[in-house]
Amino acid sequence: MGSSLTTRFPYLHAQKGADTNVSATAELRQVSDEYLLSRLRAGDAEALALLFGCHAKIVRHIGRRILRNDSEAEDLVQDLFLFLERKCAIFDSSKSSARSWIIQMAYQRAIERRRYLASRNFYAPAEARDEVERLVGKPTGESDYSPEEVFRRNGLEKALRTLSEEQRETIRLYFFDGYTLAEIAERLAQPLGNVRNHYYRGLNKLRKAMFRNPVRPVQPYGK
């Protein structure tokens with residue numbers, strides 16, 4: 001997909017399975033994603049390393065879930081952060097958080113890659129058929145990544161109103177902010193079992209609306 005981040009930015013130490021280096025750990029906890037994107041816009045390449053440390057793990061998970069291939073998932077991580085370097089100026093904080101934008105761009109690029117691979121018979125026919133849409137719906141554009149726009153584009157506004165407040169918040173935090181179910185449980189101050197229930201019930205309602213028939217739930221990351 002893209003050129004190697006390890007080659008261009010050696011301080012990333014972007015080895016397979018590694019999400020941050022030791023020297024960056026303290027900084028990761030002290031700066032916001034919005035600030036890092038602003039520094040990246042100003043030409044501070046080290047900001048990319050910090051963003052990598054914050055988000056490589058969830059981007060890799062998205063890649064594995066959609067692309068169903070570990071090597072392709074690793075390539076997605078590289079591609080996504082090179083994309084951030086090129087396109088950080090298009091981020092609009094009035095539409096969503098920086099974290100949400102990064103997660104949505106990961107979904108978009110994973111879907112695009114999945115379609116490219118499917119068109120070249122990378123997947124078995126049964127595996128490739130409509131699988132992308134059944135996973136995450138229509139892809140997000142670079143400038144229409146707010147949760148409201150994503151649900152509107154997939155015709156889910158009415159279905160969204162049928163969800164409980166806890167189901168809506170769980171879906172938002174999981175798919176738009178990239179939190180694990182365990183992290184969501186902590187944020188909502190609820191038992192993990194309750195959050196799992198919100199996730200599965202909410203997702204099933206949305207999918208019934210999108211596909212008219214229920215489909216096998218996506219197994220959540222960090223459940």
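**Exercise 1. Find the side-chain partner of Asp70 and place both residues in the fold.**

*Solution.* Start at the side chain: that of Asp70 makes a polar contact with the side chain of Arg64, at 3.4 Å. A polar contact here is a pair of N or O atoms within 3.5 Å; within protein, one must be able to donate a hydrogen and the other to accept it, and residues adjacent in sequence count only if both atoms are side-chain atoms.

A word on the model before going on. It is predicted, so local features need pLDDT of at least 70 and side-chain atom pairs count only at pLDDT 80 or more, while totals for chains, interfaces and linings use all residues. Residues are numbered from 1 along each chain as its sequence is written, and side-chain values use heavy atoms, with hydrogens and water left out.

Next, check the charges. Asp70 and Arg64 also form a salt bridge, with 3.4 Å between the closest N and O atoms; the term means a side-chain nitrogen of Lys or Arg within 4 Å of a carboxyl oxygen of Asp or Glu. Side chains of opposite charge can pair when their charged atoms come close.

Then look at the surroundings. Asp70 belongs to helix H5 (residues 70-87); helices (H or I, at least four residues) and strands (E, at least two) are DSSP runs, numbered from the N terminus. Asp70 is exposed at 51% relative accessibility, whereas Arg64 is partly exposed at 40%. Buried means under 20% relative accessible area, exposed over 50%, and partly exposed in between (1.4 Å probe, protein chains only). Finally, Arg60 lies ten residues from Asp70 along the chain, with 8.5 Å between their C-alpha atoms.

**Exercise 2. Describe the protein as a whole: its helices and strands, its buried share and its contacts.**

*Solution.* First, count the elements: there are 13 helices and zero strands. Second, turn to burial: 47% of the 223 residues count as buried. Third, consider the surface, which comes to about 11200 Å², with carbon and sulfur atoms supplying 47% of it; the areas come from the Shrake-Rupley method with a 1.4 Å probe, and for residues only the protein chains shown count as cover. Fourth, take the contacts (heavy atoms within 4.5 Å): among those between residues at least 6 apart in sequence, 67% join residues at least 24 apart.

**Exercise 3. Work out which residues of helix H3 are buried and what they pack against.**

*Solution.* Helix H3 spans residues 33-41, and its buried residues are Asp33, Leu36, Leu37 and Leu40. Seen down the axis, they fall within an arc of 100 degrees, so they line one face of the helix; the arc is that of the directions from the helix axis to the C-beta atoms. These buried residues pack against H4, H5 and helix H6 (98-119).

One of them, Asp33, can be followed further: a polar contact of 3.0 Å joins its side chain to that of His55. His55 is found in helix H4 (residues 46-67) and is buried, at 1% relative accessibility. Beyond neighbours within four places in sequence, His55 is in contact with Asp33, Phe81, Arg99 and Ile102. To finish, look just after H3, where Gly43 takes a positive phi of about 95 degrees.

**Exercise 4. Compare helix H12 by the same steps: which residues are buried?**

*Solution.* In H12 (residues 181-188), the buried residues are Leu181, Ile184 and Ala185. Their arc around the axis is only 105 degrees, which puts them on the same side of H12. After the helix comes Ala189, with a positive phi near 55 degrees.

**Exercise 5. Count the salt bridges and disulfides, then examine some of the charged pairs.**

*Solution.* The count of salt bridges comes to seven. Among them is Asp44 with Arg39, at 3.7 Å from N to O; Asp44 is partly exposed at 27%, and Arg39 is partly exposed at 30%.

Another is Glu169 with Arg172, at 2.7 Å from N to O. Both lie in helix H11 (residues 165-175), three residues apart, about one turn of the helix. Glu169 is partly exposed at 27%, and Arg172 is partly exposed at 28%. Shared partners join Glu169, Arg172 and Asp177 into one network of salt bridges.

As for disulfides (pairs of cysteine sulfur atoms within 2.5 Å), the structure holds zero. Cys54 is partly exposed at 30% relative accessibility, while Cys88 is buried at 4%.
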